[in-house]
Amino acid sequence: MIDKKSLSERDICTKFITPAIEKAGWDKITQLLEEVSFTDGKIYFRGKLHTRGAKKRADYILYYKPNIPIAIVEAKDNKHSVRAGMQQALEYARILDIPCVFSSNGDGFVFHDRTAGEGALETELSLDHFPSPAALWEVYKQYKGISSAEAERIVTQDYYLDGSGRSPRYYQQIAVNRTVEAIANGQNRILLVMATGTGKTYTAFQIIHRLWKSGAKKRILFLADRNALIDQTKRGDFKHFKDKMTLVKQRMIDKSYEVYLALYQGLSGADEEANAYKQFSPEFFDLIVIDECHRGSAKEDSAWREILRYFHRATHIGLTATPKETKEVSNSEYFGEPIYTYSLRQGIDDGFLAPYRVLRIHLSVDVDGWRPEQGKRDKAGDLVEDRVYNRQDYDRKLVIDERTDTVARKLTEFLKAYNRMAKTIVFCADIDHAERMRAALANHNADLVSQNYKYIMQITGDNNEGKRELENFTNPEEKYPVIATTSELMTTGVDAQTCEVIVLDAEIKSMTKFKQIVGRGTRINEEYGKFFFSILDFRNVTDLFADPEFDGDPMRVKPLAEDSDLAEVLTEEENDQSPIVDEESGAEIEIAPPQIRYPIPQLGGQVNEAREKIYVNGIDVTVLLSRELYFDHNGKPITTSLKDHTRQLIKSQYASLNDFLQRWNGADKKEVLIRELESQGVLVDVLRDAVNREVDLFDLICHVAYDQSPLTRKERANKVKKRDYFSKYGEQARNVLETLLDKYADQGISNLESMDILKVKPLTDYGSALEILAYFGGKAKYLEAVKELEQELYKVGA
């Protein structure tokens, strides 16, 4: 007789849960997947280094067909109850859009039916009565509203598999399945919202392919508004349509194809003859997919809408990262509410998108404004109008040469500290500004520009040379260009996989545009070492983080002063020894140097804007200290002072100092309490900077929340040494405790609580870990001594 309680969770799965599921008719190869990791693990970084947190992992996911998940099973060992895994399973089921949820400890199953409106929501089942695939498929159909045989035929159409092993990520799977199911159920206007870099085109391909192969949609039009988008689509995911697909060019229409890619500009025009789409009958297409639909199709009077109205009988699917909702423009009014949304924040938390730091740089003329002295003349010799000029004027109405030069200097300083070959996009106010910024950056990077003039390129709509380099900039295998100065051309539709730096030196008020610009850096490319990116903000554009519409906050935001050394900023991050706690697992994680593959170096009629500007020079422009911007654990900016914010958080948990002391002294491990406080929103590392990095969290909290005078770690250690505390131990044990005390003074309480500390110098000088434990009479006595040492350290008022 097997003692189940002695078995591990994995043994319970192997001996009881898996056989029970297989016995119910589930195919172990195609329908039953064990230990399924469905995220990549959030990326954490400091300086130039990074690591990943824990992945979300389900014990079992059951599929009716590949990529159609219908059930999830969470397993626990037999020391737990049969229901112990249910809450975690329900959370995963919510994320994965799965209706059938099970928990098991090897004795049986608890089944939670998310479709149950009335009656039994949860029922207990024996191991012999796990439901069959057919039974759970009926639950799934009810969950999705699939009621007809024709709808069932469409939604069970296979995904396209190219043999490479590539399969959709969980959110792509949800987007594809919900769209196909909605269309099978008769819905004809559909909106999908997916953050930049999450694979909208691949998702669109799988939707189109399944509908096309099922015969539900026979002729498909994919619409975009930029050549780059169409070219990327044709060469990328849509290449599998092969000779069934064509690209509409020069308004030449061939009606023998089944999948058409087109620019809306290529189908419509100002006069009737230019409206090439009318060469098709209104019934020709039965599916139209509109990429980046937040731009053209959101407007009632746009050329997109004209085309969509003409093909009104077709099903219309809108794809966007940033749906547009204003008084004049609405995506949801046309398409309806999004059928699925996968946000920037979700992508970062799941580890599919790159996190980022923000460096905010405030210039003197931006903060204070600039008023010309009496008689000030511009570079043309004309008098400058006497008024106060501000950020809204700069580079649109007034150009200050020294301001442009300061921005170029600070960016160059950052790249020298970080990586001078990091792909960088500088967003400027207009084309003229982009041109001047290119020149200023060239002067500050003359050594690299002299090696290859393409190190810095102006990539704007009017510059043919620059536009020709756009593909090279986005190609990870091409070393040049490294820095691109632009205005509008690169704000959207540019797949810059290895872009590591985004510079904001333009007034950006539109949340849609801001999200699109941030999206230029969110792609991850592990092969080339791109895991995170940096934003340098010279215009307070990142105030938009405070907008409730923004959904993906930065990992860290730093201010820069006039004398800031950016090399020191990055080095300080890398040398920061405070623990990083993974949000998924709650465990501490380490950051290791990245393995980076660098590309092999390869040698290698402008339209003037009719805009009058004032150009001035001889102006003193300096960098001022900016306010720090921090975010709470809900991703919202902290508007009170950091100390007041922390005081409110602590006192909401521990009303008095005695309450806090009881919790602190009662914690088996102080590190657990530290993680708990951090998860509640206490910004420990930032607080240390604000108070004193030489004190630990105990003193920080007592000082900030309860107005106690803080002691440094060294002061606390010296107080313990002055007491006759160590005399009860033998010489060897006393030496170990004194060394542990020195370690606390240097590094804090977390290292003191870890057994691993016995494996590092100078503690290894006293022998092996086993020998050290023997000085105390064994491990239990050693841990008891460490606990007593902690109590001595944290005696209040002693």
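Student: Which residue forms a salt bridge with R178?
Tutor: D97 does, in this predicted model. The closest N and O atoms are 3.0 Å apart.

Student: Where do R178 and D97 sit in the chain?
Tutor: R178 is in helix α5. D97 is in the loop between α2 (86-96) and β6 (100-104). The two are 81 residues apart.

Student: Is D97 buried or exposed?
Tutor: D97 is buried, at 9% relative accessible area. R178 is partly exposed, at 25%.

Student: What about a network? Which residues do shared salt-bridge partners join?
Tutor: One network includes D366, R391, D395, R403, D430 and D432. R436, D505, E507, K509, R539 and K613 also belong to it.

Student: How many salt bridges does the count come to?
Tutor: It comes to 46.

Student: OK, R52 and E526. Why does that pair tie together distant parts of the sequence?
Tutor: R52 lies in strand β3 (residues 49-52) and E526 in the loop between α18 (511-518) and β23 (533-537), so the bridge spans parts 474 residues apart in sequence. The N to O distance is 3.0 Å.

Student: And how exposed are R52 and E526?
Tutor: R52 is partly exposed, at 22%. E526 is partly exposed too, at 44%.

Student: Switching to the largest nonpolar core. Which members touch the most others?
Tutor: I21 and Y170, out of 86 residues. Helix α5 (residues 170-184) gives this core its largest share, nine residues.

Student: What does I21 contact, leaving aside neighbours within four places?
Tutor: W26, L32, Y60, L62, V73, F109 and F130. Another core, of 75 residues, lies apart from that one. V482, I517, V541 and V623 are among its members.

How values were computed: Residues numbered from 1 in each chain as written. Predicted model: local features only at pLDDT ≥ 70, side-chain atom pairs only at ≥ 80, totals over all residues. Heavy atoms only, no water. Core = buried A, V, L, I, M, F, W, Y, C linked by side-chain atoms within 4.5 Å. Buried < 20%, exposed > 50% of the residue type's maximum accessible area, 1.4 Å probe, protein only. Helix = DSSP H or I, 4+ residues; strand = E, 2+ residues; numbered from the N terminus. Contact = heavy atoms within 4.5 Å. Salt bridge = Lys/Arg side-chain N within 4 Å of Asp/Glu carboxyl O.
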